[in-house]
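Here are a few exercises to work through with the sequence and the model side by side. Try each task yourself before reading its solution.

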Amino acid sequence: AKGRKVGIIDLTRGELGTRGNVETRKTEAINASQIMGISVRENLAFADGFFQNDKVHQLALIKVIRKYQPEIVLANTIDDRHPDHAKGAKLANDACFFSGLKKIETKLNGEPQEHWRPHRLFHYIQSNYLKPDFVVDISPFWEQKIAAVKAYTTQFYTGGNESLENQTFISTPHFMKFLEARARELGQHVGVEFAEGFISAKPLAVNDLYDFI
């Protein structure tokens, strides 16, 4: 909304998901991307449920970090009910650091890549409640966020997929109410309607105490 470019790197194709399949997830991701208006989206196709924070996976993520050179990275939550989320958080953290080391050499299309370390890494909060280090007012974008979530029609309750077959934790109307309740709760703390909470990998620095006002 402020004119900056935003991209998404998916780690897996969600092939172990109870509802839908790889192809439906791919279509849903495209639809959600259009709703969000992002500039680029790639999928690294790591093994859903079984990827690891090891050299192979770190190098794959380092290559895309160096390719796009993001100033800020938003990564998975540091603790959650789904094991992949915490693994993804640690993988992103380590890859962001190693991406800044000159002696780790990577190539893109046969050409050496320049080292790059993002200026900031923040973790969003998913299912488990974690105390955020800071919150962002998302009130003007709430409807857009929910529309992007509902673009995953096989995964989330949309009002038109009420089938009880293969019901999951996130496919019920109760989960959608939870998303709204979480955002309203965080918003209440800072006097806005809806807010999103983030955890900072490092202490946050400000130039003046009045930056908080």
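The exercises below look at two helices, how one of them packs, a loop serine and some backbone angles.

Before starting, note that this is a predicted model, in which local features need pLDDT of at least 70, side-chain atom pairs count only at pLDDT 80 or more, and totals for chains, interfaces and linings use all residues. Residues are numbered from 1 along each chain as its sequence is written, and side-chain values use heavy atoms, with hydrogens and water left out.

**Exercise 1.** Work out which residues of H5 are buried and where they lie around the helix axis.

Step 1: Locate the helix. H5 covers residues 173-190; helices (H or I, at least four residues) and strands (E, at least two) are DSSP runs, numbered from the N terminus. Its 18 residues reach 27 Å from the first C-alpha to the last, close to the expected 26 Å (1.5 Å times one less than the number of residues).

Step 2: Sort by accessibility. Buried means under 20% relative accessible area, exposed over 50%, and partly exposed in between, with a 1.4 Å probe and protein chains only. In H5, Phe175, Met176, Leu179, Arg182, Ala183, Leu186 and Gly187 are buried.

Step 3: Look down the axis. The buried residues of H5 fall within an arc of 125 degrees (taken from the directions from the helix axis to the C-beta atoms), so they line one face of the helix. The face turned away from this buried side carries the exposed His174, Lys177, Gln188 and His189.

Step 4: Find the partners. The buried residues of H5 pack against strand E7 (134-137), helix H4 (142-150) and strand E8 (195-200), where contact means heavy atoms within 4.5 Å.

**Exercise 2.** Describe how the axes of H1 and H4 are arranged, and name the residues in contact.

Step 1: Choose the descriptors. Two packed helices are described by the angle between their axes and the distance between the axes.

Step 2: Read the values. The axes of H1 (residues 22-36) and H4 come within 8 Å and cross at roughly 170 degrees. Axes are lines fitted to C-alpha atoms, for helices over the stretch in contact, with angles from 0 to 180 degrees between N-to-C directions.

Step 3: Classify. H1 and H4 are therefore roughly antiparallel, the class for angles over 145 degrees. Ala32, Ile35 and Met36 of H1 meet Gln144, Ala147 and Ala148 of H4.

Step 4: Check the burial in H1. Glu28, Ala29, Ala32 and Ser33 are buried. They cover an arc of only 140 degrees, which puts them on the same side of H1. On the other side, Glu23, Lys26 and Gln34 are exposed.

**Exercise 3.** Decide whether Ser171 is buried or exposed, and list its side-chain polar contacts.

Step 1: Ser171 sits in the loop between H4 and H5. With a relative accessible area of 1%, Ser171 is buried.

Step 2: Its side chain makes a polar contact (a pair of N or O atoms within 3.5 Å; within protein, one must be able to donate a hydrogen and the other to accept it, and residues adjacent in sequence count only if both atoms are side-chain atoms) with the side chain of Gln167, at 2.2 Å. The side chain of Ser171 also reaches the backbone nitrogen of Thr168 at 2.8 Å.

**Exercise 4.** Find the positive phi angles of Ala45 and Gln69.

Step 1: Ala45, in strand E2, has a positive phi of about 55 degrees although it is not a glycine.

Step 2: Gln69, likewise not a glycine, has a positive phi of about 50 degrees.

Key: Parallel < 35°, antiparallel > 145°, perpendicular 65-115°, else oblique.
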